[in-house]
Amino acid sequence: NLSPGSKVSRLYRLRLADSRPMCLEHATVPQQYLPDPEAVDQSLYAALDENDCRPVRALQRLRAELFSPEQADLLGVQPDGACLYIERRSFLANGASVELVRSWYRGDSYDFVAELLL
């Protein structure tokens, strides 16, 4: 939802759990909300919160994919192994897009549970 030529900050992270690679995450944030990606220490949302632009709503899509050879190498899994791909678009209270995150989770390490209120 950005205009062509809009400046963005990009973060590429290897997420760990107990020193074990678990997820690759690519986040894109409009530069007006995150002028310096080096300002992100442990948490992207903490950095956004410091700029008063923490998301309040998100749309998330999940699907099965296969790891590329490069992704598999970073995560220490077999190439073409199963992964859970998650794409999240996050928004501010005024509806502006503040974040696009693409994540590839190890398929051998996750079990997702969702509670639905009907």
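# Exercises on a predicted model

In this predicted model, the count of salt bridges comes to 8. The exercises below begin with some of these pairs and then turn to the sheet, the core and the surface.

## Exercise 1: A salt bridge between two strands

Determine which elements are tied together by the salt bridge of Glu 25 and Arg 13, and decide whether Glu 25 is buried or exposed.

Solution. Begin with the contact itself: the side chains of Glu 25 and Arg 13 meet in a salt bridge, with 2.5 Å from N to O. Next, place the two residues, for Glu 25 lies in strand E2 and Arg 13 in strand E1, so the pair ties together parts that are 12 residues apart in sequence. Then turn to accessibility: Glu 25 has a relative accessible area of 5%, and because buried means under 20%, Glu 25 is buried. Finally, look for shared partners, since salt bridges of that kind join Arg 13, Arg 15 and Glu 25 into one network.

## Exercise 2: Two further pairs

Compare the salt bridge of Arg 102 and Glu 87 with that of Glu 65 and Arg 63, giving for each the distance between the closest N and O atoms and the accessibility of the partners.

Solution. Take Arg 102 and Glu 87 to begin with: their closest N and O atoms are 3.5 Å apart. Arg 102 lies in strand E5 and Glu 87 in strand E4, so this pair ties together parts that are 15 residues apart in sequence. Arg 102 counts as partly exposed at 32% relative accessibility, whereas Glu 87 is buried, with a relative accessible area of 16%. Now take Glu 65 and Arg 63, whose closest N and O atoms are 2.9 Å apart. Here Glu 65 counts as partly exposed at 23% relative accessibility, and Arg 63 counts as partly exposed at 38%.

## Exercise 3: The order of the strands

Work out in what order the 5 strands of the open sheet are arranged, and which of them are the edge strands.

Solution. The order across the open sheet is E1-E2-E5-E4-E3, and the pairing is antiparallel. From this order one reads off the ends, and the edge strands are indeed E1 and strand E3 (57-66), each of which pairs on one side only. Neighbouring strands of the sheet are turned against each other by 15° on average, with direction ignored.

## Exercise 4: Strand E4 and its neighbours

Describe how E4 pairs with E3 and with E5, and explain why E4 is called largely enclosed.

Solution. On one side, E3 and E4 pair in the antiparallel sense over 10 bridges, and Leu 66 stands opposite Ala 82 in E4. With its other partner, strand E4 (residues 82-91) pairs with strand E5 (residues 97-106), again in the antiparallel sense, over 9 bridges. Within that pairing, Ile 86 has Ser 103 in E5 as its bridge partner. The hairpin of E4 and E5 has 5 residues between the strands, and in this hairpin Gly 95 takes a positive phi near 95°. As for burial, 7 of the 10 residues of E4 are buried, so this strand is largely enclosed by the rest of the structure.

## Exercise 5: The largest nonpolar core

State how many residues the largest nonpolar core has, and find which element gives the largest share of this core.

Solution. The largest nonpolar core has 13 residues, and those with the most contacts inside it are Leu 11, Val 29, Tyr 33, Leu 34, Val 40, Leu 44 and Leu 48. The elements that give two or more residues to this core are strand E2 (20-30), helix H1 (44-50) and E5. Of the contributions, the largest share comes from H1, with 3 residues.

## Exercise 6: Residues at the surface

Identify which residues make the nonpolar surface patch of about 280 Å², and then decide how Ser 3 is classed by its relative accessibility.

Solution. The patch is made by Leu 14, Leu 16 and Leu 74. Leu 14 is found in strand E1 (residues 8-17), and with a relative accessible area of 38% this leucine is partly exposed. Ser 3, by contrast, is found in the segment before E1, and at 52% relative accessibility Ser 3 counts as exposed, because the class of exposed residues lies over 50%. To place Ser 3 further, note that Ser 3 and Leu 24 are 21 residues apart in sequence and 27 Å apart in space, C-alpha to C-alpha.

Key. Residues are numbered from 1 along each chain as its sequence is written. This is a predicted model: local features need pLDDT of at least 70, side-chain atom pairs count only at pLDDT 80 or more; totals for chains, interfaces and linings use all residues. Side-chain values use heavy atoms; hydrogens and water are left out. Patches are made of residues with over 30% relative accessible area and no salt bridge: like charges are joined within 9 Å, nonpolar side chains (Val, Leu, Ile, Met, Phe, Trp, Tyr) within 5 Å. Accessible areas come from the Shrake-Rupley method with a 1.4 Å probe; for residues, only the protein chains shown count as cover. A salt bridge is a side-chain nitrogen of Lys or Arg within 4 Å of a carboxyl oxygen of Asp or Glu. Helices (H or I, at least four residues) and strands (E, at least two) are DSSP runs, numbered from the N terminus. Buried means under 20% relative accessible area, exposed over 50%, partly exposed in between (1.4 Å probe, protein chains only). Two strands pair if DSSP finds at least two bridges between them. Axes are lines fitted to C-alpha atoms, for helices over the stretch in contact, and angles run from 0 to 180 degrees between N-to-C directions. A nonpolar core is a set of buried Ala, Val, Leu, Ile, Met, Phe, Trp, Tyr and Cys residues joined through side-chain atoms within 4.5 Å.
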